[in-house]
Amino acid sequence: MSLPLAKPVLGEAEERAVLEVLRSGHLSLGPKIPEFERRFAEKVGARHASAVSSGTAALHLALRAVGVSDGDEVITSPFSFVASANVVLMERARPVFVDIDPRTLNLDPDAAAAAITGRTKALLPVHIFGYPADLPALERHGLPIVEDACEALGAVHADGTPVGGRGHPAAFGFYPNKQLTTGEGGMLVMGSAEHKAQVDSERNQGRAPDMGWLDHDRLGFNYRLTDLACALGLAQLDRLDGMLADRAKVAGWYREALAGFEGLDLPCPDEGGDVRGWFVFVVQLPPGVGRDDTIRALAGHGVPSKPYMPAIHLMSFYRERFGHREGEFPVCEDVAARSLSLPFFPEMSEGQVARVAEALESVVYAGLK
Ligand SMILES: Cc1ncc(COP(=O)(O)O)c(C=O)c1O
């Protein structure tokens with residue numbers, strides 16, 4: 001039987017929560033939205049939260065809130081899901097990529113510092129694969145920071161602050177592979193009440209809360225999240241700690257099962273007090289091992305896997321538009337070329353992890369021994 005690559009935990013509590021909203025007839029702009037926002041903000045230690053239709057929408061509105069616009073530069077990571085760079089383009093600003101730290105795979109703070117110019121409007125670190133980016137190092141510059149925390153629910157910084165709780169606008173995503181899902185959806189958390197007012201207006205076509213139906217005083221979008229989705233999110237929040245603990249347990253099994261695999265790089269262990277919010281289990285294949293062949297052979301064993309993530313600056317659209325080329329960000333490019341995402345979900349059993357490890361061993365190592 002084939003394993004899934006990812007799988008949300010959904011049960012009777014989620015069914016009940018969604019049914020309750022369905023029966024209420026109040027499917028949008030209802031009471032579940034502020035309730036989900038309040039409880040989510042509490043969870044990550046943020047002052048404010050705004051529920052929106054996706055992580056991308058949250059990032060887009062965050063950039064607008066900190067004032068990114070035409071011709072500005074935003075320093076960000078090329079090792080991310082493409083959305084974190086695309087949102088910069090949505091505001092006609094320029095994503096300035098810098099290389100990543102080889103251990104954490106997050107934005108290298110020294111490279112970010114070296115890239116700051118008079119046109120830099122904001123820094124956009126990504127907590128990739130749920131590992132906290134080095135925010136204290138980035139905060140020293142006094143520039144606005146927008147955090148892409150789409151993969152990092154449950155992560156904690158070395159000083160004990162949960163990711164999302166430092167006061168910067170931080171975007172979370174709720175696609176079904178994430179730590180918490182609403183099907184599609186996202187949440188922007190932030191410390192500023194002014195930002196919250198702007199985001200709430202712009203997610204609803206530019207309508208302020210005290211304005212009437214069809215009255216709008218600024219450019220906005222339809223980035224609303226439904227009450228159905230918020231109810232689902234509330235049920236997921238109730239079980240979040242358990243799901244995060246299960247993810248960490250599965251990661252521990254993987255670490256043990258893959259420990260002796262020569263040349264295989266595993267996700268970095270927590271260091272210096274930083275705590276990863278486990279999202280995916282991504283390994284980097286030993287240099288010289290063909291990734292596409294590995295993916296094909298693993299599929300033959302019923303084990304799905306994915307190259308994760310490709311480098312954004314080498315995608316055709318970014319190459320053509322900005323003239324990016326191989327060799328610009330060597331750490332990112334090496335990691336992107338070797339990264340392989342393995343099946344990973346909270347309900348995965350130790351036996352399933354062992355099956356993946358056996359398949360990987362026979363595919364990558366059998367011929368070498
Ligand atoms: C790092 C990162 N940024 C942004 C996003 C965008 O989130 P969404 O798919 O909810 O728009 C994702 C989600 O896949 C992500 O992993």
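This section describes the sheets, cores, helix contacts and unusual backbone sites of a predicted model.

Two open sheets are considered in turn. One has three strands in the order S3-S2-S4, and the pairing is parallel. Strand S3 (94-97) and strand S4 (120-124) form the edges, since each pairs on one side only. From one strand to the next, the twist averages 30°. Strands in a sheet pair through backbone hydrogen bonds, and the pairing can be parallel or antiparallel. Strand S2 covers residues 73-76 and runs parallel to S4, with four bridges between them. Within this pairing, Ile-75 stands opposite Leu-123. Thr-76 has Leu-124 as its bridge partner. S4 is an edge strand, yet S4 is mostly covered, with four of its five residues buried. Helix H4 (residues 83-90) lies across S2, S3 and S4. The direction of H4 is at about 145° to S3.

The other sheet has four strands. Their order is S1-S7-S6-S5, and the pairing is mixed. Strand S1 (48-52) and strand S5 (147-148) are the edge strands, each pairing on one side only. S5 and strand S6 (residues 170-173) run parallel and are joined by two bridges. In this pair, Asp-148 has Ala-171 in S6 as its bridge partner. Helix H3 packs on the sheet and touches S1, S5, S6 and S7. The directions of H3 and S6 make an angle of about 170°. Helix H7 (residues 193-202) also lies on strands of this sheet, across S1 and S7. H7 runs at about 15° to S1.

The nonpolar interior comes next. The largest nonpolar core holds 46 residues. Within this core, Phe-79, Leu-124 and Phe-129 touch the most other members. Several elements give two or more residues to the core: helix H3 (55-65), H4, S4, strand S7 (186-190), helix H11 (316-322) and helix H12 (330-338). H3 supplies the largest share, with seven residues. A second, separate core has 28 residues, including Phe-36, Ala-152, Ala-155 and Phe-172.

Phe-79 illustrates the contacts of one core residue. Leaving aside residues up to four places away in sequence, Phe-79 touches Ile-100, Leu-105, Ile-128, Phe-129, Tyr-308, Met-309, Cys-332, Val-335, Ala-336 and Ser-339. Two of these partners, Tyr-308 and Met-309, are linked by a cis peptide bond, with omega near 5°. Met-309 is in the loop between strand S9 (306-307) and H11.

Leu-105, another partner of Phe-79, has a phi near 70°. This is a positive value in a residue other than glycine. Leu-105 lies in the loop between S3 and helix H5 (109-114). Its relative accessible area is 8%, so Leu-105 is buried. Leu-29 also has a positive phi, near 50°, and is likewise a residue other than glycine. Leu-29 is placed in the loop between helix H1 (12-24) and H2. The relative accessibility of Leu-29 is 44%, so this residue counts as partly exposed.

A helix pair follows the loop that holds Leu-29. Two packed helices are described by the angle between their axes and the distance between the axes. For helix H2 (residues 32-44) and helix H8 (residues 227-238), the axes come within 8 Å and cross at roughly 35°. The crossing is left-handed. On the H2 side, the contact involves Lys-32, Ile-33, Glu-35, Phe-36, Arg-39, Phe-40 and Lys-43. On the H8 side, Asp-227, Cys-230, Ala-231, Gly-233, Leu-234, Leu-237 and Asp-238 take part. The contact comprises seven nonpolar, one polar and six charged residues. Phe-36 takes part in this contact and also belongs to the second core.

Leu-298 offers a last local view. This residue is in helix H10 (residues 291-300). Its relative accessibility is 0%, so Leu-298 counts as buried. Apart from residues up to four places away in sequence, Leu-298 touches Val-303, Ser-305, Leu-340, Ala-359, Leu-360 and Val-363. Leu-298 and Leu-342 are 44 residues apart in sequence. In space, their C-alpha atoms are 9.9 Å apart.

How values were computed: Residues numbered from 1 in each chain as written. Predicted model: local features only at pLDDT ≥ 70, side-chain atom pairs only at ≥ 80, totals over all residues. Heavy atoms only, no water. Pairing = 2+ DSSP bridges. Axes fitted to C-alpha atoms, helices over the stretch in contact; angles between N-to-C directions. Contact = heavy atoms within 4.5 Å. Buried < 20%, exposed > 50% of the residue type's maximum accessible area, 1.4 Å probe, protein only. Core = buried A, V, L, I, M, F, W, Y, C linked by side-chain atoms within 4.5 Å. Left-handed = near helix turned anticlockwise from the far one by under 90°. Nonpolar A, V, L, I, M, F, W, Y, C, P; charged D, E, K, R; others polar.
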